[in-house]
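Please open the structure in a viewer and keep a selection panel at hand. The tour below proceeds from one site to the next.

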Amino acid sequence: MAVDLLIVGDGLAGSAAAIEAARMGASVALVSAAHGSSDRAQGGIAAATLPEDSPRLHALDTLAAGGALCDPSAVAMLTSAGPETVRWLESLGVHFDGGSAREAAHSLPRVLHLGGDQSGSTLMTFMRRAIEREPTITRYRARLQSLIVDESCGGASFSGGLTMRAGATVLATGGYAGLYGRTTNSRISNGKGILEAARAGARIADLEFVQFHPTVFDGIHTFLITEALRGAGAILIDEHGERFVDELLPRDQVARAVAAHRGRAFISAVHLDPDLLRHSFPNFVRNCRLAGIDPLRHPVPIAPAAHYTMGGVVTDLDGRSSVDGLYAAGECARTGVHGANRLASNSLLEAAAFGRRAGAAAAGAPKVEDASQVRRRPWRRGSLTVAQVGDVLDSAAGVLRAGTELKGALAELRSGAVSSVAADAADMASMICAAALARPASIGAHQRRDEADRIAV
Ligand SMILES: Cc1cc2nc3c(=O)[nH]c(=O)nc-3n(C[C@H](O)[C@H](O)[C@H](O)COP(=O)(O)OP(=O)(O)OC[C@H]3O[C@@H](n4cnc5c(N)ncnc54)[C@H](O)[C@@H]3O)c2cc1C
């Protein structure tokens, strides 16, 4: 099959790219495997829409969060696109709740919600309706296997024998936090698009920068416990009921304290009004009860979990990668807007704003001819499973890291895997650990435990 534009991933970035390209007259194949992070987003989308706010103030907050590693031109592009992106979404039929909330490290109220704490799924329902109205977009359900690359990228091959040739290809496959054992992401967020871009020769950067959510249920089935619960007065305690951290510190500091705490950590809401919990935190109460714990009477075990990934395919401001014909947008792209650490709620804005730009640039790009070679890596033999790869990442490339453990993890990951799926996981995890090893400093969301040793040396 051949189309003008192939887009892999139908989260917010892929959907925005598809709509923009279709409106320029391109035929678009939109291929995806399952719901990714866009459908899970609970908070909202950041944009400077109030009169007292401005893209410049939004940019200053974004730069401060990014640990001096943001690309200022990308940040300026993102923040100045905020109000226009909100208007564009509204023109597609997206309905925001009204008003802006002040959240996380935003210095002003700037976060727009949809459907209360169901922002992501509400937004994606509107986006899917908008896609249905575009006659030149065709949707497919299949898993990316590899990119078709010779001198340039000319499409991709998928599960089920689907081969899609295209004038240009946009990767919108999301991040790689789902590769970790403990994660708030769907397992489809395993970095496959980034891995295939790397195999095709594209530049990849910043894979070591991973953001961790501090309060994720520590059990067989994990679920995110909203930070608003701490804002409402819930406390973090050890097994003796003692508090060990100021719960209102920024997310990364709380995650570090929970990771560094010896023994189990719990969030306790038993002292809060039960009616407040039932009415304001129904998901928390329901999920805990499904896991066999009544949060109105008992503390709930928690641990940090991988939540958002800053690294990915290096792109310019129009989503172009270093491989001709290959573009990337959304969480799989490394545009430079987040630096070492994402400012909360900037990622939905990035997905929509840069998704649109990538879709427009790819639809307007000259057609790529005859890219026929499919590059594949041979499967490797060994003993690691995907779950074990996740465990290796949890312990070596988590909130707290050290060079010796990262080297050990790399040796283990490079020793091989039994199936093609586990080989992909092991290869992607190797890239993350290698990047983490090459960054011997505590910056962004992680902390190097061996930093003091090196300073002493
Ligand atoms: C629990 C949670 C809450 C969040 N809350 C917020 C928030 O409030 N505000 C905010 O700004 N950000 C939030 N984020 C982050 C934000 O949701 C994501 O960064 C953003 O939605 C990413 O969009 P995307 O389109 O790049 O990728 P995704 O939405 O993850 O979409 C990826 C797409 O790629 C497809 N795909 C992946 N691999 C393959 C493959 N091998 N083959 C075929 N298709 C594939 C998937 O099927 C999916 O369609 C949250 C994330 C999580 C997990």
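How much space lies in the second largest pocket? The model is a predicted one, and in it this pocket holds about 360 Å³ of space.

**First stop: the second largest pocket**

Select Arg182, Val258, Ala259, Pro304 and Asp394; of the 22 residues that line the second largest pocket, these lie nearest its centre. Next, colour helix 7 (251–260), strand 13 and helix 11 (386–396), each of which supplies at least two residues of the lining. Strand 13 gives the most to this lining, with five residues. If the lining is coloured by class, 12 residues appear as nonpolar, four as polar and six as charged.

Why does the second largest pocket lie between domain 2 (214–306) and domain 3 (386–446)? Both domain 2 and domain 3 give residues to its lining, so the pocket is placed between them.

**Second stop: the ligand**

Display the ligand together with the 37 residues around it; Asp10, Ala34, Ser38, Leu144 and Glu331 are the ones that come nearest. By class, this shell comprises 13 nonpolar, 18 polar and six charged residues.

Three contacts can then be shown in turn. Begin with Ser38, where a polar side-chain atom lies 2.5 Å from an oxygen atom of the ligand. Move to Gln42, which places a backbone N or O atom 3.5 Å from a nitrogen atom of the ligand. Finish with Arg342, of which a polar side-chain atom lies 3.3 Å from a nitrogen atom of the ligand.

A surface display is useful here: of the 1000 Å² of accessible area that the ligand has on its own, the protein covers 96%. To view the elements behind the shell, select helix 1 (12–23), strand 13 (300–309) and helix 10 (346–363), the elements that give two or more residues to it. Which element gives the most to the shell around the ligand? Helix 10 does, with three residues. Strand 13 is thus met at both stops, in the shell of the ligand and in the lining of the second largest pocket.

**Third stop: the cavity**

Rolling a probe the size of a water molecule over the atoms shows where empty space is left. A search of the whole structure finds one cavity of 30 Å³ or more, and the largest cavity has a volume of about 40 Å³. To outline the largest cavity, select Asp206, Met310, Ala333, Arg334, Thr335, Gly336, Val337, His338, Gly339 and Glu350, which line it. This lining divides into three nonpolar, four polar and three charged residues.

Key. Residues are numbered from 1 along each chain as its sequence is written. This is a predicted model: local features need pLDDT of at least 70, side-chain atom pairs count only at pLDDT 80 or more; totals for chains, interfaces and linings use all residues. Side-chain values use heavy atoms; hydrogens and water are left out. A residue is near a molecule or strand if one of its heavy atoms lies within 4 Å of it. A polar contact is a pair of N or O atoms within 3.5 Å; within protein, one must be able to donate a hydrogen and the other to accept it, and residues adjacent in sequence count only if both atoms are side-chain atoms. Accessible areas come from the Shrake-Rupley method with a 1.4 Å probe; for residues, only the protein chains shown count as cover. Helices (H or I, at least four residues) and strands (E, at least two) are DSSP runs, numbered from the N terminus. Ala, Val, Leu, Ile, Met, Phe, Trp, Tyr, Cys and Pro count as nonpolar, Asp, Glu, Lys and Arg as charged, and the others, Gly among them, as polar. On a 1 Å grid over the protein atoms alone, a cavity is a set of points where a 1.4 Å probe fits but cannot get out, and a pocket is an open set with protein on both sides within 12 Å along at least five of seven lines; lining residues have an atom within 4 Å of a point. Grid points are joined across faces, edges and corners, and a volume is the space filled by probe spheres set on the points. Domain bounds come from an automatic or database domain assignment.
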